[in-house]
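Reader: I would like a close look at one part of this protein, namely how the first part of the chain is packed against the rest. Please take me through it residue by residue where you can, and explain the terms as you go.

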Amino acid sequence: MAVYFTHNQYLKTAEEDFEAAEMLFGHKYYDQTATLCSIAMVKYLKAILEAVYPNEECVPYFSTEDKIKVLKRVKEAISDIDVTEEECNWMDKIYGKANCTDGIHIIMPKQTAVDALKVLGKVRKHAMHHDKVAEHEKRYHGLK
């Protein structure tokens, strides 16, 4: 298991979810892969907020699971982020289907899990980059 050292709590947990999703994918658990990708996506978006804004400006966003709401806040600081609202909506849809919230269990095809990992990879790339910048600029609480 890889360990990523950071002061960013959302990034730590998102990285654990990402690693678990990759392991589940390798064992052909595509429903669970899609579910973890959706969960990790919002954590990566929150990790970007944690890296870019002071904590007191982010607290309301940390308590929501609304990917679009968090993405809009991220885009206020990072206008060139290549993650879209459509991708957020799509991740919510596959999460709902994987969790059987409508009473009908849908088996995720492999390609859906592949696509979910690709979208997650885009968000992860931005989260990792902004974490490195925040560490370098000593923006995290307690760093001097």
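Author: Contact, or touching, is used here for heavy atoms within 4.5 Å of each other. The model is a predicted one, in which local features need pLDDT of at least 70 and side-chain atom pairs count only at pLDDT 80 or more, whereas totals for chains, interfaces and linings use all residues. Residues are numbered from 1 along each chain as its sequence is written, and side-chain values use heavy atoms, with hydrogens and water left out.

The setting comes before the detail. The protein has six helices and zero strands, where helices (H or I, at least four residues) and strands (E, at least two) are DSSP runs numbered from the N terminus, and the order of its elements from that end is α-α-α-α-α-α. Of its 144 residues, 44% count as buried, a word that stands for under 20% relative accessible area, with exposed for over 50% and partly exposed for what lies in between (1.4 Å probe, protein chains only). Among the contacts with a separation of 6 or more, 66% are made by residues 24 or more positions apart.

Helix α1 covers residues 9-26, and its 18 residues should span 26 Å at 1.5 Å a residue, which agrees with the 26 Å between its end C-alpha atoms; the expected span is 1.5 Å times one less than the number of residues. The buried residues of α1 are L11, A14, E15, D17, F18, E19 and A21, and what covers them includes α2 and α6.

The pairing of α1 with α6 can be followed in some detail. Their axes (lines fitted to C-alpha atoms, for helices over the stretch in contact, with angles from 0 to 180 degrees between N-to-C directions) come within 11 Å and cross at roughly 155 degrees. That makes α1 roughly antiparallel to α6, given that angles over 145 degrees count as roughly antiparallel, under 35 as roughly parallel, 65 to 115 as roughly perpendicular and the rest as oblique. The crossing of α1 and α6 is left-handed, a term for a near helix turned anticlockwise from the far one by less than a right angle, right-handed being clockwise. From α1, L11, E15, F18, A21, E22 and F25 meet K110, A113, V114, L117, L120, R124, A127, M128 and D131 of α6. By class, this contact of α1 with α6 has ten nonpolar, no polar and five charged residues, where Ala, Val, Leu, Ile, Met, Phe, Trp, Tyr, Cys and Pro count as nonpolar, Asp, Glu, Lys and Arg as charged, and the others, Gly among them, as polar.

One residue of α1, F25, deserves a separate word. Leaving out residues up to four places away in sequence, F25 touches Y30, T33, K110, A113, V114 and L117, and its C-alpha atom is 8.4 Å from that of V114, although the two residues are 89 apart along the chain. Further along, K28 lies in the loop between α1 and α2, where it is exposed, with a relative accessible area of 62%, and has a phi near 70 degrees, a positive value in a residue other than glycine.

After that loop comes α2. The axes of helix α2 (residues 30-52) and helix α6 (residues 110-136) come within 9 Å and cross at roughly 20 degrees, and the two are therefore roughly parallel to each other. The passage of α2 over α6 is a left-handed crossing, and the residues of their contact divide into 19 nonpolar, three polar and three charged. On the α6 side, H126 is buried, with a relative accessible area of 11%; apart from neighbours within four places in sequence, H126 is in contact with I48, I81, D82 and V83.

Helix α2 also packs against helix α4 (residues 67-77), with axes that come within 10 Å and cross at roughly 30 degrees; α2 and α4 are therefore roughly parallel to each other. Here S38, M41, V42, L45, K46, I48, L49 and V52 in α2 meet K67, V70, L71, R73, V74 and A77 in α4, and this contact divides into ten nonpolar, one polar and three charged residues.

F62, in helix α3 (residues 55-62), brings us back to the start of the chain. F62 is buried, with a relative accessible area of 18%, and, not counting residues up to four places away in sequence, it touches Y10, K46, L49, E50 and N55. The C-alpha atoms of F62 and Y10 are separated by 9.2 Å, with their positions 52 residues apart along the chain.
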